[in-house]
Amino acid sequence: MTDRYCVFGHPIGHSKSPSIHAAFAEQTGEAIEYTAIEAPLDDFCGAWQRFVAAGGRGANVTVPFKEDAFRCCDVLSTRARRAGAVNTLVLSGNGKSSDFKVHGDTTDGVGLVRDLVRHGVALEGARILVLGAGGAVRGVLEPLLAQAPQSLQVANRTAAKAEALAHDFSDLGAIIGSGFEDVQGPFDLVINGTSASLSGELPPLPDTLFSPSAGAYDMMYGAEPTVFLRWAAARGAGTMDGLGMLVEQAAESFFQWRGKRSDTAPVLERLRRSL
Ligand code: NDP
């Protein structure tokens, strides 16, 4: 029987994950089925268990279920434990006997770092600013700190959340948390992990934000550059959106399920053209 995978979300109709994983499967010769499933808001674990009972071997998890998925796991990766969220579920065992285990991981941070490296961004020794303190930011701090930046500041509309995040990750490297009013710069890399771009809003940021060769990354993506990327480009920064992060995090999930690395470049190119 073909191994089954899916992405859970609510809503999920817009998801690009089925086409990304279909491309990976074709590329690597893996016979898998990958669908999008809208789980009920009040019973994520039940939806996952039903999927497993029907032959599911693993899943991606997106908004708003990443924290629910965390609670359905028997085994968590260190980074998922740190993030308090899971975007990749992997079943070990055959799923039919009582010996199977549900492993949870978060691949968003690896996806972001791989995409930044693909863009040629040097992270070691860089002064990095991350905007936002929600689930996405929590998931990327450990992989970013592992690149040994010179400094990492997390700034958020609700300053207390950024301060709490900085406290939680302070054993991994130099990290500070603040409100937007305490952002000065210059920074070599500014990553927008807020959802402000969704509503076309721009966090209040100073004109002194960017160093001369700085990069600006928005985790959001779309056919047009976000307001943050337009603002950054007008101040001389090189701009990158989050489509590559989406493809790279998917590739890492695929690797965990199938043990095969995909060539992400053509998949990203095709996806970009379809926006
Ligand atoms: P959350 O809802 O967990 O967090 C939202 C964050 O945005 C909070 O820090 C919130 O601040 C801040 N925020 C919301 N509105 C505004 C605003 N108008 N001005 C300033 N700050 C604002 O969302 P996620 O962390 O899950 O997602 C954040 C973004 O990352 C989304 O755009 C999402 O699409 C994107 N993303 C992209 C991925 C990819 O693969 N490319 C993967 C995951 C996420 P406060 O705490 O004050 O409310």
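## Where the two domains meet

Twelve residues of domain 1 are in contact with twelve residues of domain 2. On the domain 1 side, two elements give two or more residues each: helix H4 (78-83) and helix H9. H9 gives the most to this side, with five residues. Sorted by class, the domain 1 side holds four nonpolar, three polar and five charged residues.

This is a predicted model. Keep that in mind while reading the rest.

## The domains themselves

The domain assignment splits the chain in two. Domain 1 is made of 3-106 + 245-274. Domain 2 covers 109-241. The C-alpha centres of domain 1 and domain 2 lie 26 Å apart.

## Around the ligand

How many residues surround the ligand? There are 26 of them. The closest are Gly134, Ala136, Arg157, Thr158 and Gly242. Helix H6 (135-145) and helix H9 (243-258) are the elements that give two or more residues to this shell. H9 thus turns up in two places: in the shell around the ligand and on the side of domain 1 that touches domain 2.

Both domains take part in the shell. Domain 1 gives at least three residues, and domain 2 also gives at least three. By class, the shell has eleven nonpolar, eleven polar and four charged residues.

## Positions listed in UniProt

An unreviewed UniProt entry lists eight positions under "binding site": Ser15, Lys16, Ser17, Thr62, Asn87, Asp108, Tyr221 and Gln249. Two of them, Ser15 and Ser17, are followed up below.

## Ser15

Where does Ser15 lie? Ser15 is in the loop between strand S1 (3-9) and helix H1 (17-28). Is Ser15 buried or exposed? Ser15 counts as buried because 20 other C-beta atoms lie within 10 Å, and the cut-off for buried is 20 or more.

Setting aside residues up to four places away in sequence, Ser15 touches Val7, Gly9, Ala36 and Thr62. Thr62 is itself among the positions in the UniProt list.

## Ser17

Ser17 lies in helix H1. Ser17 has 24 other C-beta atoms within 10 Å, so Ser17 is buried too.

Which residues does Ser17 contact, leaving aside its neighbours within four places in sequence? They are Val7, Ala36, Asn60 and Ala250. Val7 and Ala36 also touch Ser15. Ala250 falls within helix H9 (243-258), so this contact links back to the helix that gives the most to the side of domain 1 that touches domain 2.

Technical notes: Residues numbered from 1 in each chain as written. Predicted model: local features only at pLDDT ≥ 70, side-chain atom pairs only at ≥ 80, totals over all residues. Near = placed C-beta within 6 Å. Helix = DSSP H or I, 4+ residues; strand = E, 2+ residues; numbered from the N terminus. Nonpolar A, V, L, I, M, F, W, Y, C, P; charged D, E, K, R; others polar. Domains from an automatic or database assignment. Contact = placed C-beta atoms within 7 Å. UniProt positions renumbered as here; feature names shortened; annotations may be inferred. Buried ≥ 20, exposed ≤ 12 C-beta atoms within 10 Å, placed from the backbone.
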